[in-house]
Amino acid sequence: MFLKHIIVFFLTLLFLSTIVPVSAKSTPPSKIEIEFNKLFKRAMRVNHIPGATYAIVRGDRVSTIKAYGVRGQKNNKAIDKDTSFRLASVSKTFSAELAALMIEKKSFAWNDSIVDYIPEFKLKQAGQAEAITIKHVLSHSSGLMPNAFDGYLKGGFQFSHIISKFEALEPYCSPGACYGYQNVLFSFIAEVFKRSTGKAYAELMQQMIFSPLAMNNASVGFDAYKNTTNKAYPHVKVSRNGPWHQVKIKPDFYKVEAAAGINASITDMSKWLLAQLGHTPEVISAHLLETVREPVVSTEKDVKSRTWKGIIDDAHYGIGWRVYQYNEDILYFHSGWVEGFRAVIAYSKDKQIGLVILANAESRSIDKLTVDFWRLLLKEPSVKETLLVKDIKPVKANRSVKDIKSSF
């Protein structure tokens, strides 16, 4: 009997020792997050940006999600973690990885000629189009002049019409030898998806990426944006130093869905970052990530660009991602800019830290904030010391994350 009481006593002690007091305070955020939040709020205030939101991911957790301002000047509703924004060219990161997923399923291959799936695609000289592969298309290394036929997106764009225009073009370098950023040509991957699988781009994106990653607010296309209740609205300036004005959404770049047609919330994008950091291998494998991160073509002009001059030492485009070298660190990066919206995603694989910013105004301050974040990040020691030691107790990705909203 005495032995029984002793056992019960020790079991009770063990049970009590495992209970976390409900009143326990959470560990404060890291120094980098506190500093970045100050910079972010100041940029929003100084530039009078209507609304913006950002997420910071550390390791396998969403460490910070914050939202500031309003969805639009005309409705004045607060932005929250589920507000949908246009991603513009950040859509390319999704399209490239969807292509990699389809390649894993043997639907097509990186070195397949684009002509194998779009035989009507022709260039000025015989054999030139046949030399352009799917990998060339998704790495902007086709050899064609940059932004070929983007101007046609403002008109009555039809695939059958635009593809005939390429017959007048002649590459200015061999495929793979030089960089030329594309939107129309990049979007041809959607046609490859359709002709190789019988499924539309939006259907495959939902099936292969959005649903498996529980990106519940993500969508593709103009109609999906219009039909979303909780969405941000675009803002532009009429003059350089003038105020922001809310404008109507335009369908132009939605016509190239694979290049610029995705809509998503900051919660969705935090999940996309987790996938890039390797924490959803059942959806995005480590091998797939290594493939799209591989530098394909030099983008040396980025080193001298207005945003990155003096910051990065080398620059390449991989497959759907930019690859920037800063001393011994590598930043995987992409930005998006379409009328009235800005989007930026950046992460360090080695430090296991990433950032996403979404804004409903065309402010260049988004670029500076990204650079500032990267500079702060590189001041930290290795991920093992920052993540696994004590400076934060981040929120798990599958938990609800409380937004902090500010007016300014």
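I take helices (H or I, at least four residues) and strands (E, at least two) as DSSP runs, numbered from the N terminus. The model is predicted, and local features need pLDDT of at least 70, side-chain atom pairs count only at pLDDT 80 or more, and totals for chains, interfaces and linings use all residues. Residues are numbered from 1 along each chain as its sequence is written, and side-chain values use heavy atoms, with hydrogens and water left out.

Entry one, the cavity. I looked for cavities, meaning sets of points on a 1 Å grid over the protein atoms alone where a 1.4 Å probe fits but cannot get out, with lining residues having an atom within 4 Å of a point. I found 1 cavity of 30 Å³ or more, and the largest holds about 30 Å³ of space, the volume being that filled by probe spheres set on points joined across faces, edges and corners. Its lining consists of Leu331, Ala346, Tyr347, Ser348, Ile353, Thr370, Phe373, Trp374 and Leu377. I note that β12 (341–348) and α12 (365–379) each supply at least two residues of this lining, and that α12 gives the most, with 4 residues. By class I count 7 nonpolar, 2 polar and no charged residues in the lining, where Ala, Val, Leu, Ile, Met, Phe, Trp, Tyr, Cys and Pro are nonpolar, Asp, Glu, Lys and Arg charged, and the others, Gly among them, polar.

Entry two, a sheet. I looked up an open sheet of 3 strands, which run in the order β3-β7-β4 with antiparallel pairing, where two strands pair if DSSP finds at least two bridges between them. The edge strands, each pairing on one side only, are β3 (85–86) and β4 (219–220). I find β4 joined to β7 (residues 262–264) by 2 bridges, and Val220 has Ile262 in β7 as its bridge partner.

Technical notes: On a 1 Å grid over the protein atoms alone, a cavity is a set of points where a 1.4 Å probe fits but cannot get out, and a pocket is an open set with protein on both sides within 12 Å along at least five of seven lines; lining residues have an atom within 4 Å of a point.
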